[in-house]
Every structure is written in C-alpha cells, then in structure tokens.
Amino acid sequence: MKRDSLVLGLGKSGVAVASHLLARGESLILTDQRTRKSLETSPVWASLGPLEKRYGERIEWALGGHPLELLERCGRVIVSPGASLHTDFLAEARRRGCPLVGEMELAWKASSRPFLAVTGT
C-alpha cells in the first residue's frame with residue numbers, strides 16, 4: 001500500500017511530525033533503527049502508543065532498520081534532525097528522485113504565519 005510520507009527517525013521530533021501528519025489525514029510509514037521492543041521501553045512510546053491506537057490503520061511500522069523497498073511505497077521522506085544524511089537509504093531516495101523534506105521545511109509549508117529561523121552549528 002502506498003503511503004503519503006515516510007518519517008525517518010522516531011525521536012521526539014519524528015514523533016511530533018508523525019502526530020501532525022496523521023492529524024492532517026496522511027498515511028505514514030514510521031521507521032527507526034530501534035526495534036519495537038526498544039521503542040516500547042523508551043520515553044517516546046508515551047506519544048507513539050496513543051498514535052498507534054488512534055491512527056493504527058494509517059501507520060505502517062518499519063523498525064530495526066530502513067529497508068530500501070520502503071521507498072517504493074512512500075511519496076516523500078521526512079528526515080528527522082537526528083538522522084544522518086549520509087546513509088545508503090537516503091542516497092537511494094535521492095537517486096530515485098524521492099523528495100526529502102526536513103522538519104523545518106514541513107513546518108514552514110504548514111504555517112500561514114511569517115517564519116523566522118535561526119540556524120547554526
């Protein structure tokens with residue numbers, strides 16, 4: 001089944017993105033390097049568990065890695081800030097022309113208000 005977006009990385013930011021997109025009606029692939037057991041014992045499960053209960057039919061889980069075949073079933077990849085941009089998965093997404101979107105871009109596009117961003121390393 002084709003999903004609207006794939007959320008890469010399920011830390012606090014990835015969970016917030018998933019919550020926002022699910023509330024807007026999107027169907028998602030949620031993927032993380034951690035296994036389900038590891039996620040269920042982490043603090044983020046307090047937010048992921050309720051999302052699964054409420055939107056379960058619109059969520060596909062891909063845990064314990066990021067198989068390349070996921071790219072065949074998503075319209076874009078939302079990259080969490082903690083995810084490395086130098087992975088085989090994202091290199092393949094770029095090669096296939098799959099749009100890669102960061103959280104800030106997603107927030108900017110969703111907002112009707114002026115945006116001010118301060119960046120730096």
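The following legends describe close-up views of a predicted model.

**View 1. Surroundings of S80 in the loop between β4 and α4.** S80 lies in the loop that runs between β4 (77-79) and α4 (88-96). The residue counts as buried because its relative accessibility is 8%, below the 20% limit used for that class. Leaving aside neighbours within four places in sequence, S80 is in contact with V7, L8, G9 and G14.

**View 2. Polar contacts of the S80 side chain with the backbone of L8 and G9.** A polar atom of the S80 side chain lies 3.0 Å from the backbone oxygen of L8. The side chain of S80 also reaches the backbone oxygen of G9, at 3.0 Å. L8 and G9 are both among the residues in contact with S80.

**View 3. The largest nonpolar core.** This core has 19 residues, and those with the most contacts inside it are V7, L21, L28, L30, L48, L51 and I78. At least two residues of the core are supplied by each of α1 (12-23), β2 (28-32) and α3 (45-55). The largest share, five residues, comes from α1. V7, listed here for its contacts inside the core, is also in contact with S80.

**View 4. Contacts of L51, and a second core.** Not counting residues up to four places away in sequence, L51 touches V15, A18, S19, L22, G56 and I59. A second, separate nonpolar core has 13 residues, including L8, L71, C74 and C98. L8 of this second core is the residue whose backbone oxygen lies 3.0 Å from a polar atom of the S80 side chain.

**View 5. The aromatic pair formed by W45 and W61.** The model contains one aromatic pair. W45 and W61 form this pair, with 5.9 Å centre to centre and 40° between the planes, and the arrangement is tilted. The pair links distant parts of the chain, as W45 belongs to helix α3 and W61 to strand β3 (residues 59-63), 16 residues apart. W45 counts as buried because its relative accessibility is 16%, whereas W61 is partly exposed, with a relative accessible area of 22%. The 20% limit for buried residues therefore separates the two classes.

**View 6. R36 over the ring of W61.** The charged end of R36 sits over the ring of W61, 5.5 Å from the centre of that ring. W61 is thus shown both with R36 over its ring and as a partner of W45 in the tilted pair.

Definitions and conventions:
Residues are numbered from 1 along each chain as its sequence is written. This is a predicted model: local features need pLDDT of at least 70, side-chain atom pairs count only at pLDDT 80 or more; totals for chains, interfaces and linings use all residues. Side-chain values use heavy atoms; hydrogens and water are left out. Helices (H or I, at least four residues) and strands (E, at least two) are DSSP runs, numbered from the N terminus. Buried means under 20% relative accessible area, exposed over 50%, partly exposed in between (1.4 Å probe, protein chains only). A polar contact is a pair of N or O atoms within 3.5 Å; within protein, one must be able to donate a hydrogen and the other to accept it, and residues adjacent in sequence count only if both atoms are side-chain atoms. Contact means heavy atoms within 4.5 Å. A nonpolar core is a set of buried Ala, Val, Leu, Ile, Met, Phe, Trp, Tyr and Cys residues joined through side-chain atoms within 4.5 Å. Rings of Phe, Tyr and Trp (its six-membered ring) pair if their centres lie within 6.5 Å; planes under 30 degrees apart count as stacked, over 60 as edge-to-face and the rest as tilted. A charge sits over a ring if NZ of Lys or CZ of Arg is within 6 Å of the ring centre and within 35 degrees of the ring normal.
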